[in-house]
4 protein chains.
Amino acid sequence: MVLSTDPMTAPRPIRLGMVGGGQGAFIGAVHRIAARLDGEFALVAGAFSSDAERSAASGAEIGIDPARAYADFGAMAEAEAERDDGIEAVAIVTPNHLHFSPAKTFLESGIHVICEKPLTAKLEDALELQRVAAATGRVFVLTHNYTGYPVIRQARAMVAAGELGPLRVVQVEYAQDWLTEAVETAGSKQAEWRVDPDKAGAGGALGDIGSHAFNLLTFVTGLTLDSVAADLSAFVPGRRLDDNDHLLLRFTGGAKGMLWASQIAPGHENGLRLRVYGEKGGLEWAQENPNQLWFTPFGEPKRLITRGGATTVPAAQRVTRVPAGHPEGYLEGFATIYREAASAIRAVAEGRPIPPDVMFPTVEDGVEAMRFIDAAVRSSSDDSRWTKLG
Amino acid sequence: MVLSTDPMTAPRPIRLGMVGGGQGAFIGAVHRIAARLDGEFALVAGAFSSDAERSAASGAEIGIDPARAYADFGAMAEAEAERDDGIEAVAIVTPNHLHFSPAKTFLESGIHVICEKPLTAKLEDALELQRVAAATGRVFVLTHNYTGYPVIRQARAMVAAGELGPLRVVQVEYAQDWLTEAVETAGSKQAEWRVDPDKAGAGGALGDIGSHAFNLLTFVTGLTLDSVAADLSAFVPGRRLDDNDHLLLRFTGGAKGMLWASQIAPGHENGLRLRVYGEKGGLEWAQENPNQLWFTPFGEPKRLITRGGATTVPAAQRVTRVPAGHPEGYLEGFATIYREAASAIRAVAEGRPIPPDVMFPTVEDGVEAMRFIDAAVRSSSDDSRWTKLG
Amino acid sequence: MVLSTDPMTAPRPIRLGMVGGGQGAFIGAVHRIAARLDGEFALVAGAFSSDAERSAASGAEIGIDPARAYADFGAMAEAEAERDDGIEAVAIVTPNHLHFSPAKTFLESGIHVICEKPLTAKLEDALELQRVAAATGRVFVLTHNYTGYPVIRQARAMVAAGELGPLRVVQVEYAQDWLTEAVETAGSKQAEWRVDPDKAGAGGALGDIGSHAFNLLTFVTGLTLDSVAADLSAFVPGRRLDDNDHLLLRFTGGAKGMLWASQIAPGHENGLRLRVYGEKGGLEWAQENPNQLWFTPFGEPKRLITRGGATTVPAAQRVTRVPAGHPEGYLEGFATIYREAASAIRAVAEGRPIPPDVMFPTVEDGVEAMRFIDAAVRSSSDDSRWTKLG
Amino acid sequence: MVLSTDPMTAPRPIRLGMVGGGQGAFIGAVHRIAARLDGEFALVAGAFSSDAERSAASGAEIGIDPARAYADFGAMAEAEAERDDGIEAVAIVTPNHLHFSPAKTFLESGIHVICEKPLTAKLEDALELQRVAAATGRVFVLTHNYTGYPVIRQARAMVAAGELGPLRVVQVEYAQDWLTEAVETAGSKQAEWRVDPDKAGAGGALGDIGSHAFNLLTFVTGLTLDSVAADLSAFVPGRRLDDNDHLLLRFTGGAKGMLWASQIAPGHENGLRLRVYGEKGGLEWAQENPNQLWFTPFGEPKRLITRGGATTVPAAQRVTRVPAGHPEGYLEGFATIYREAASAIRAVAEGRPIPPDVMFPTVEDGVEAMRFIDAAVRSSSDDSRWTKLG
């Protein structure tokens, strides 16, 4: 059995605030579990809703001191920055267009930021955030949570070690079916803002899940995307943003790929899949059974690499909680991002460099994903012409 | 997307102690994560080891007040029972032969008990614990954690609703490979006590994993086991307890089954599988991908029922945290047992009946599993003769 | 790409007759395709039915010379033995109780026999056939067709080469669902004779599919079954033969196993599965995707061995027709038995020894399976007592 | 059990000749088995090689009358057309550039043609063949064999019946790994001509396997491809034709899709996969386990439709040989194309219309695939610009 150190090693949890994530929100609860799972964070404040009553009610429901349930993130930043026991980090779990302002505000208040993806609704905002993060020296963590899976860490290490040889082809897809019908006009809050360009930005499925797919492929392969040829579609009548995206990819150095993102593919719940092929071997992974990685050294039988199982590399082992065969899931992967965030925050607080084995998606990754979205939207508007990332 | 209420609804976590689970123990860390995941418990005390220094070091490592890191569970029970902020519940995560005494002690101190399986090392101790639990009125939760998986709840509900018709055949297996070689003589602490009859009891693999398999099948099917014909083996030379178990099963009412438990089956990490067949349909489930349940109504195509997906029943939905396609794993299932424990403890504390939809393995389930182990050992010693549960 | 020699190398097909397999029979058509697939046999005569008109009609339908469509297998044996162009071999595809007489008759007429399983309805008949076959020196092939799959040949070779180390545990199952309801009283000809002890013999599911499971496990493992503890059941009301069988197995040398055969397990079409575990590794195979074999060397990742793929051994390669990834199926496996039969028949005809790499189930294998059925029936009648094979 | 009529119903096999398929060729052996499997054809003549000795040797090896083993297909057409027992149909199994001349010659000699794909090496030749076939009234069958799988027939019928609703997205891929290294310079005859533009035509992987993928998607969906945006690559240094193809697809009516064909993807043996999504449901199929089809009606659990199993439609049932769970494979699917060819040839011979349920790929399908290849090559040369099929 391969086990990482008991994660509950923190003598003191980091004080965390939250922006968004009020009653009825899905992702807020996910962040709260992820923050808590390894005992690294304690949620102590929040601006859960811009509606004061609702924020208070949300806070009360989860045991937040009423004085620290704010209606306004600006007030929260100001008040918390002044408290001796003020929050050290904030989780931003609002819709895309509401990432930028709170993120900037908290960074400038000296508070570390853990932010939902995509980074912002507009590329220019993303670039501005990157500047602010650099200037303030605060930790900025983007929750591309799928990079937290141990076998994804394994895959990255194997590619980096040359086990696949120079890469040639990358096939990535992220298929869902929950927007097959026009649920945005039937009361789905989750859907409403995601198909509204004023809130989601220029990409619909592209921003929501395509950004995850893009981030995952770059994390695992280490490749730099050079240009895209994109065909973005909105199949559901009346929908204003893309719900199905077909992209050709060209990477610096000659590798090529395809990316498919869809939210109208019946039969797919959360079908993120990555396949990578090099001169010497291939890898296959699917998120819905995230503990398995298939590796084929060319000319040999396919091998099943399992989380915590035989041949696990250190980079995977250090984020593994339970032995092989005891599946870890979505929340554990998400919690790993939080654990990595905690390590980074503690290092910065103590003036130490962030340990080199700590890995999390950064503001730079967020900017890169925004460049990807931007290039794809431009390509699609230009008859799918090959378009370089700006 | 199907979501249960945000679990972080507890205004105040229940104060929890732990017996065992010191440095290097696997299952202690699992209990700590499970207790914390939904915010229902706060670990505040522990007798992590019978070695005082080691218990103190273990407590320090995970942020326990040094005054509450005990070397002795008796002292802990006494001291905590006297504190105003004393523990309300205790998790017992020691080897089998060390369940009985602390469990009895804490129950008698008025403290609710969450205990590892199997219930005890000896059937007589199990029966005594059952009496004590009943007399004290404390909540007793046995961590047969696999009953916490949402689709296992779904399977149980489907059987109970008659979707399979009257049951005929139950095939259950629990296969691992970590004892394929004599690791107990090569330094594996995990293995040492499990193959020692003084610590594990009369069953080796049977007690360690066979008890899980037995509990799972009774939970899902609702059947009562009448008798067994068992062939228990120790394949590894020198091993004193069984590492491979073959059993025929006969249930009250005429259903029959087979149970295979093995810890010497190369290629199996944690292969718990259950298959149930009735007059009208069949179900198949495998723990290593616990979010999927296969259901075949006789004469129709096989259907894939997913956690949180289409056709999820309320009993499954109420223990579901994240949407379909976002896999929940071992720790979430384990945490559900803790969440159920919390619901029961709060109800008892408030003088309310435990809500009928709250489900957890009880001391009675533990006694039944001990009867199963006892009958199997007797059968195996008697040339695999059919042997009734005592 | 790994390819065997083009199978159509026979300058002249062997002349084949058939007993049974008239209109409406399933297995007769299977034998005809299998005989023809590699061009090794030409069907030229038949006693397709004991009803003269029906035999004639069946023969006409498939292009048999009317003079050679017999109503009686005895007449056929006599007539064909006298013709210069008479049949050299006969395929017997009748119900179990009608294997013995024609097999004996044709052997004694100097004609090679290819016979459906199980060998006979009664053990004594099987022993008599064994004597006759030996005395006549004719080739006797029993169509335990699953031994024809290339990856089953691979599995056998790997076990024989010691890649699993000494064997410990064998788990085999054969689950179907087509007898879940009482189709024998609803017009199913296939079912009628299979549940009639006068026609099927003492075993129902045991003879029909349990015999396949037994043969497969002995073929792959090379183990000798010493004794069984059996619990045979007829779950469908009114059924006179077992439709679900649970068996414990003990092999000479200390290995143990379980065998489950069922025809009332909804969700299983033709679920023959074999798993073998030794001191050094494990193998898993399932008939419904017969081109894949899973091999786990203990302590290493599981490997997917594919028909025709990397690491294919010569014994598998010589019965492989098309490259890896181009699935071969049930008929190809069946045809391999016919191809092996042809090799054996040609060798005997030419006075050569049968080449050592030619493998097919023999009359001895059939006798062994009858001993297995006999012991299981006796054990089940004797309260599942351990019973040695006679 | 669902069974088609015993296929061996032909009172007289159709006399077949072959062009190509001499010693060492893979696909020739496949055609011979496929032709023979259902007893519909008897191979009686061949121009197996343009080398006279080699053709004679090949013919001798498979039992062909020496007088009918020709060195030249022209001579064969002439001689056979004059014989009373001359061939009625010819199978052309040569490399792509050698399809056109023999096909034209045999059609003009009044002989039906069964031809390997892609139809020709050049689009203009394909158009000429289409004219010749129409003028002669001979049957022309293109062996896009994957359309012979029963569940592919099922998928087509389900789409046609509207079970998926109007189609939106089609994802098709065909991945192999056998050209990962430069085997064409290491003695692989199979590889040599496939990477030579003079023999294969303008498409490498695109013609070899992309044409299959294209044919399959149009067969199942009934969609008409309007235009493509293609990025064709040759990753192996020195290779003159594409070995990896990335294409975006736009269909008439608004559906869109992606097509990936690769022969350099380690881990893929013969990975043809098709996924189709409509407004009401989705279908998934993978060739390596061709007996399974996954169907998700939107909002319901995924269903496993099996060959011969529950809900099989008549169009699938009529090409099914053995019951569900008894897998049919590549050769059976290929043989179905031959069986359909036989039905068509017999109808034409008897002056009857070809029965409407008989389905096989035609010369028109071949022309369409050539248009697809042509458009893809033009698009790829034009910076992946959207290019209409000519």
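**Exercise 1. A loop residue in chain D**

Task: In this predicted model, state in which loop T311(D) is found and what its phi is.

Solution. Step one is to place the residue: T311(D) belongs to the loop between β13 (302-306) and α10 (314-317) of chain D. Step two is to read the torsion: phi of T311(D) is near 70°. The value is positive, and the residue is not a glycine.

**Exercise 2. Peptide bonds before proline**

Task: Decide whether the bond from K117(A) to P118(A) is cis or trans, do likewise for K117(B) to P118(B), and place both prolines.

Solution. Start with chain A. Omega from K117(A) to P118(A) is near -15°, and the bond is cis. P118(A) sits in the loop that runs between β4 (112-115) and α5 of chain A. Then take chain B. There the bond from K117(B) to P118(B) has omega near -10° and is cis. P118(B) lies in the loop between β4 (112-115) and α5 (123-136) of chain B.

**Exercise 3. The domains of chain A**

Task: Give the bounds of the domains of chain A, the separation of their centres and the make-up of the contact on the domain 1 side.

Solution.
1. Chain A splits into domain 1 (14-145) and domain 2, the latter built from 147-324 + 365-381.
2. Taken over C-alpha atoms, the centres of domain 1 and domain 2 of chain A are 26 Å apart.
3. The contact joins 18 residues of domain 1 of chain A to 21 residues of domain 2 of chain A.
4. On the domain 1 side, helix α5 (residues 123-136) of chain A gives the most, with four residues.
5. By class, this side of domain 1 of chain A holds nine nonpolar, seven polar and two charged residues.

**Exercise 4. Annotated spans in chain A**

Task: Which residues of chain A does UniProt list for "domain: Gfo/Idh/MocA-like oxidoreductase N-terminal" and for "domain: GFO/IDH/MocA-like oxidoreductase", and what is the helix and strand content of each span?

Solution. The UniProt record, an unreviewed entry, puts the N-terminal feature at residues 14-142 of chain A. Residues 14-142 of chain A are 43% helix and 19% strand, with 18 Å between the end C-alpha atoms. For the other feature, UniProt (unreviewed entry) lists residues 152-284 of chain A. Residues 152-284 of chain A are 27% helix and 34% strand, and their end C-alpha atoms lie 10 Å apart.

**Exercise 5. Packing of α1 and α11**

Task: Classify the packing of helix α1 (residues 26-37) and helix α11 (residues 330-349) in chain A, then treat α1(B) and α11(B).

Solution. In chain A the axes come within 8 Å and cross at roughly 65°. An angle from 65 to 115 degrees counts as roughly perpendicular, so α1(A) is roughly perpendicular to α11(A). The crossing of α1(A) and α11(A) is right-handed. From α1(A) the contact uses V30(A), I33(A), A34(A), A35(A) and L37(A); from α11(A) it uses L331(A), E332(A), F334(A), A335(A), I337(A) and Y338(A). The classes are 10 nonpolar, no polar and one charged.

In chain B, α1(B) and α11(B) pack at about 65° with their axes 8 Å apart, and are therefore roughly perpendicular. Their crossing is right-handed. V30(B), I33(B), A34(B), A35(B) and L37(B) meet L331(B), E332(B), F334(B), A335(B) and Y338(B). This contact of α1(B) with α11(B) has nine nonpolar, no polar and one charged residues.

**Exercise 6. Packing of α9 and α12 in chain C**

Task: Is helix α9 (residues 205-221) of chain C roughly perpendicular or oblique to helix α12 (residues 363-381) of chain C?

Solution. The packing angle is about 120°, and the axes are 10 Å apart. With roughly perpendicular ending at 115 degrees and roughly antiparallel starting over 145, α9(C) is therefore oblique to α12(C). The crossing of α9(C) and α12(C) is right-handed. The residues L206(C), G207(C), S211(C), F214(C), N215(C) and T218(C) of α9(C) meet D365(C), E368(C), A369(C), F372(C), I373(C) and A376(C) of α12(C). The contact of α9(C) with α12(C) has six nonpolar, four polar and two charged residues.

**Exercise 7. Chain B against chain A**

Task: How many residues does each chain give to the contact of chain B with chain A, and which element gives the largest share on the chain B side?

Solution. Chain B gives 41 residues and chain A gives 41 residues. On the chain B side, α1 (26-37) and α11 (330-349) are the elements that give two or more residues. The largest share, seven residues, comes from α1(B). By class, the chain B side has 19 nonpolar, 12 polar and 10 charged residues.

Notes. Residues are numbered from 1 along each chain as its sequence is written. Chains are lettered from A and ligands numbered from 1 in the order in which they are written. This is a predicted model: local features need pLDDT of at least 70, side-chain atom pairs count only at pLDDT 80 or more; totals for chains, interfaces and linings use all residues. Two residues are in contact if their C-beta atoms, placed from the backbone, lie within 7 Å. Ala, Val, Leu, Ile, Met, Phe, Trp, Tyr, Cys and Pro count as nonpolar, Asp, Glu, Lys and Arg as charged, and the others, Gly among them, as polar. Domain bounds come from an automatic or database domain assignment. Axes are lines fitted to C-alpha atoms, for helices over the stretch in contact, and angles run from 0 to 180 degrees between N-to-C directions. Angles under 35 degrees count as roughly parallel, over 145 as roughly antiparallel, 65 to 115 as roughly perpendicular and the rest as oblique. A crossing is left-handed if the near helix is turned anticlockwise from the far one by less than a right angle, and right-handed if clockwise. UniProt positions are given in the numbering used here, feature names are shortened, and annotations may be inferred rather than shown by experiment.
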